[in-house]
Amino acid sequence: MTDEARNLKVTILAADNLYRRELFRLPDPFVVLTVDGSQTKTTKALKRTLSPYWNESFSVNVKPTSVITAQVFDQRKFKKRGQGFLGVINVQISQHINVQTGGEAMVTQDLKNSNNSDPVQGRLVMQFNVEAMDPNRQPGANRNNAPQAGPVSRNHAASSSSSTAAAAAAGAATAGAVIAGASASPPPPSGAPPAGGPPTHSSTHNTTESGDSMPQGWEQRIDHLGRVYYVDHNSRTTTWRRPQVAGATQTEPAESERRRHMNRTLPDTNGAATPRAGISTAPPPTAGGTPPSASSGSGSSLGPLPSGWEQRFTPEGRPYFVNHIARTTTWDDPRLRGSQAPSSNRAAAIAGIAGQTASRFGPLPSGWEMRLTAQGRVYFVDHNTKTTTWDDPRLPSNLDQSVPQYKRDFRRKHIYFRSQAAMRPVPGQCHIKVSRTSIFEHSYNEVMRLSVSELKKRLMIKFDGEDGLDYGGVSREFFFLLSHEMFNPEYCLFEYSAHDTYTLQINPHSGVNPEHLNYFRFIGRTMGLSIFHRRFLDAFFTSSFYKMILKKPVTLEDMQSVDADIYRSLKWTLENDISDMGFTFTVDDDRFGERVEVELKPGGKDIDVTEENKKEFVDLSVRYRVCDRIKEQFEAFQAGFYELIPEDLIQVFDERELELLIGGLDEIDIEDWKKNTDYRGYTESDQVVQWFWKFVTSMDSEHQTRLLQFTTGTSRLPVNGFKDLQGSDGPRRFTIEKSGDILALPKSHTCFNRIDLPPYPDYDTLASKLSFAIENTVGFAQE
């Protein structure tokens with residue numbers, strides 16, 4: 001390893017749980033970053049917080065022996081000797097990242113004291129990033145230390161060829177597991193080559209692409225999914241395992257791993273795959289004198305891999321893909337996910353998508369065909385009925401035919417949405433601890449502190465002072481309570497629409513809170529988190545808000561829910577002659593009592609509105625009122641939302657379906673509730689059960705909602721009603737169990753959608769006990 005200096009990007013992300021030195025005020029923390037005692041950088045000071053979130057980046061020059069010192073101070077007491085110090089960490093660069101080869105790492109360390117005796121607590125989170133070594137330059141690192149080329153474990157230190165620090169985030173940032181099935185050998189095919197038609201590439205009978213000899217009569221081929229398999233022409237069979245030449249010695253494992261590591265390709269900044277320095281990428285000539293087709297990602301008809309992606313192969317020859325940006329691996333080729341269809345070879349793109357979906361859902365029914373739109377979206381053609389549809393005919397539908405069509409369509413889209421790799425949870429647990437009394441602030445600190453990969457693990461929510469274990473019910477209540485706080489108009493982040501007092505829209509004047517953009521990003525993350533983990537938020541928004549998430553154009557009709565008076569004015573403008581009204585391409589905006597004239601287009605105040613251009617005037621007015629006034633807030637929200645929910649996947653829904661995906665159903669059908677209820681210790685004909693349903697029927701809708709929230713943790717229902725209620729391990733129906741003393745109150749188990757109902761002697765006792773329970777119960781406990 002050389003001592004050559006490299007440029008390191010240091011991002012000071014956040015600190016957590018800093019020590020509070022004064023009783024009546026919080027510190028104004030900032031960080032002083034020092035490299036080897038010479039280079040110094042300083043973050044801005046954040047006002048009055050114990051959990052600051054800076055997210056500021058600096059560029060410094062480091063060597064493998066460099067030490068980074070990060071000191072946290074209170075700005076108000078910084079000049080008073082010793083009083084402003086809040087803690088320090090010292091980071092040895094070489095312990096977290098290989099400066100010579102490049103990569104990135106997340107570092108979380110507990111703050112320590114320096115020389116004085118003042119108490120210190122909390123931790124500091126930083127991120128390091130060094131650009132990958134130029135492939136045309138010989139790195140000084142020893143090749144014997146190269147990481148293995150198999151599927152990557154998220155808690156290994158060597159997660160890619162350009163990073164040796166994916167597991168350096170102490171604690172919560174980088175735990176995980178190998179992608180399911182990545183280390184398992186696929187079952188060998190029998191009798192014939194793998195399904196999907198003739199192989200896309202082949203080599204000579206006795207030589208592989210790496211130049212290794214093969215037994216007589218054997219041939220190496222690559223199927224339509226890019227997997228290497230071997231054909232034995234002697235016995236007319238195929239196998240995934242590479243045959244050994246008789247009498248040849250087995251290659252040493254270390255040498256085999258080193259060869260695979262050296263044969264990888266790494267995308268450059270433009271996305272093209274570039275060979276590593278000193279490694280020849282030209283395949284050996286075949287017996288016919290022409291080189292075989294390349295099997296790497298760069299030689300595919302789909303074009304180069306996106307920037308930050310790399311293609312690797314398992315020991316069995318199956319290709320997989322490494323996302324160095326998110327530090328994840330996947331079997332799916334990222335070039336097949338894009339919203340733009342490959343212009344060079346659409347047939348190859350369709351074949352690749354068809355091969356991937358066929359392995360999951362099986363072949364298409366007879367007479368069906370898969371096609372791509374000009375934007376790369378998959379649709380299906382039914383040649384039997386000469387119709388087209390977005391819905392994959394292979395997806396099941398458990399809905400009755402009496403269910404409305406929009407619910408059946410939503411169900412099919414929802415199954416497809418959940419089946420995609422990006423929507424699958426990461427192995428492990430994500431622990432979040434919050435207080436009921438300060439749930440908004442605590443949740444903000446926790447959610448913004450954790451990485452996206454951590455948030456995709458199974459949520460384990462814990463409320464301060466409560467012993468309940470989260471198997472689904474606690475997290476449902478967490479999102480229920482948090483949504484009430486996040487969207488509370490008193491925080492000036494959202495406001496009620498002009499149409500009613502329960503539909504929400506972004507407040508264009510949220511800038512009164514200087515941290516409002518960070519909060520909108522948090523709200524976007526939280527909404528994406530609820531969708532990812534199949535939870536509902538207790539909130540509804542204007543139609544324009546859902547359309548903006550889906551990137552659909554807003555119309556004049558969307559203005560009605562934003563401001564009914566302006567909607568009527570603009571509609572009158574379209575329906576009447578306004579030539580002599582003196583309108584110009586400007587609007588008046590009220591900003592904290594001050595009337596401000598805003599031009600709808602450059603020079604708008606000098607352009608008169610006429611009969612010919614009034615349609616443009618109306619469209620621009622709607623766009624300004626609905627979108628432009630909240631552009632900064634929505635972009636911050638969108639940035640957080642798309643961190644967990646891919647943009648291309650969410651766009652399979654329309655605005656009505658997105659509303660159901662976020663908020664579920666708020667209408668309770670008692671007959672559907674009865675129909676999808678199980679009983680333990682009771683039967684449906686028992687007197688206590690009859691009293692229970694009599695009491696539920698007598699309730700108003702508000703108390704029915706409270707009962708549902710008491711028993712399941714949420715007041716919302718899936719689009720398919722009670723039959724799709726979710727428990728700790730998947731769908732779980734509502735259950736009434738005979739349990740408890742007749743003097744006790746009913747108890748609920750929200751993780752299992754179960755209520756323990758004692759055998760009360762009469763209806764009045766049941767009604768009073770159940771009413772008291774749902775009105776006064778707060779918190780969770782263990783039995």
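Let's start with the whole chain: of its 783 residues, 49% are buried. Keep in mind that this is a predicted model, so confidence comes along with the coordinates as a pLDDT score for each residue. The average pLDDT over the chain is 74, and 71% of the residues score at least 70. Two stretches deserve some caution. Over residues 138-205 the pLDDT stays under 50, and the model has 182 contacts beyond four places in sequence for them. Residues 338-344 also stay under 50, with 15 such contacts.

Now for the overall build. The chain has 18 helices and 33 strands. If you look at contacts between residues at least 6 apart in sequence, 63% of them join residues at least 24 apart. On the outside, the accessible surface comes to about 37,500 Å², and carbon and sulfur atoms account for 49% of that.

Next, the charged side chains. Side chains of opposite charge can pair when their charged atoms come close. In this model the count comes to 25 salt bridges. One of them joins the side chains of aspartate 28 and lysine 47, at 3.9 Å from N to O. Aspartate 28 lies in the loop between strand E1 (6-16) and strand E2 (29-35), while lysine 47 lies in the loop between strand E3 (39-42) and strand E4 (53-62), so the pair ties together parts that are 19 residues apart in sequence. Is aspartate 28 buried or exposed? It is buried, because its relative accessible area is 1% and the cut-off for buried is under 20%.

A second salt bridge reaches further along the sequence numbers: arginine 521 pairs with glutamate 643, and their closest N and O atoms are 2.6 Å apart. This one links distant parts of the chain, with arginine 521 in helix H7 (residues 516-532) and glutamate 643 in the loop between helix H12 (631-641) and helix H13 (647-650), 122 residues apart. Arginine 521 counts as partly exposed at 25% relative accessibility, and glutamate 643 is partly exposed too, at 22%.

Then there is glutamate 737, which forms a salt bridge with arginine 754, the closest N and O atoms being 2.8 Å apart. Here the link runs between strand E31 (residues 734-738), home of glutamate 737, and strand E33, home of arginine 754, with their places 17 residues apart in sequence. Salt bridges that share partners join this pair with Arg680 and Asp756 into one network. Arginine 754 itself counts as buried, because its relative accessibility is 15%.

Just before strand E33 you'll meet phenylalanine 752, in the loop between strand E32 (747-749) and strand E33 (754-757). It is partly exposed, with a relative accessible area of 31%. Together with Leu469 and Tyr471, Phe752 makes a nonpolar surface patch of about 260 Å².

Let's move to threonine 542, which sits in the loop between strand E25 (540-541) and helix H8 (543-549). What surrounds threonine 542, leaving aside its neighbours within four places in sequence? It is in contact with Ser497, Thr503, Leu504, Gln505 and Ser561. Its side chain also makes a polar contact, at 3.2 Å, with the side chain of serine 544. With 2% relative accessibility, threonine 542 counts as buried.

On the other side of H8, in the loop between H8 and helix H9 (556-562), is lysine 551. Its phi is near 60°, a positive value in a residue other than glycine. That's worth a second look, because most residues other than glycine have a negative phi. Lysine 551 is partly exposed, with a relative accessible area of 48%. Cysteine 492 is another residue with a positive phi, near 65°. You'll find cysteine 492 in the loop between helix H6 (473-486) and strand E23 (494-496), where it is partly exposed at 28% relative accessible area.

One last stop is tryptophan 390, in the loop between strand E20 (387-389) and helix H3 (405-419). Its relative accessible area is 42%, so tryptophan 390 counts as partly exposed. Follow the chain 23 residues along to lysine 413, and the C-alpha atoms of the two turn out to be separated by 8.6 Å.

Methods
Residues are numbered from 1 along each chain as its sequence is written. This is a predicted model: local features need pLDDT of at least 70, side-chain atom pairs count only at pLDDT 80 or more; totals for chains, interfaces and linings use all residues. Side-chain values use heavy atoms; hydrogens and water are left out. Helices (H or I, at least four residues) and strands (E, at least two) are DSSP runs, numbered from the N terminus. Buried means under 20% relative accessible area, exposed over 50%, partly exposed in between (1.4 Å probe, protein chains only). A polar contact is a pair of N or O atoms within 3.5 Å; within protein, one must be able to donate a hydrogen and the other to accept it, and residues adjacent in sequence count only if both atoms are side-chain atoms. Contact means heavy atoms within 4.5 Å. pLDDT is the predictor's confidence in each residue, from 0 to 100. Patches are made of residues with over 30% relative accessible area and no salt bridge: like charges are joined within 9 Å, nonpolar side chains (Val, Leu, Ile, Met, Phe, Trp, Tyr) within 5 Å. Accessible areas come from the Shrake-Rupley method with a 1.4 Å probe; for residues, only the protein chains shown count as cover. A salt bridge is a side-chain nitrogen of Lys or Arg within 4 Å of a carboxyl oxygen of Asp or Glu.
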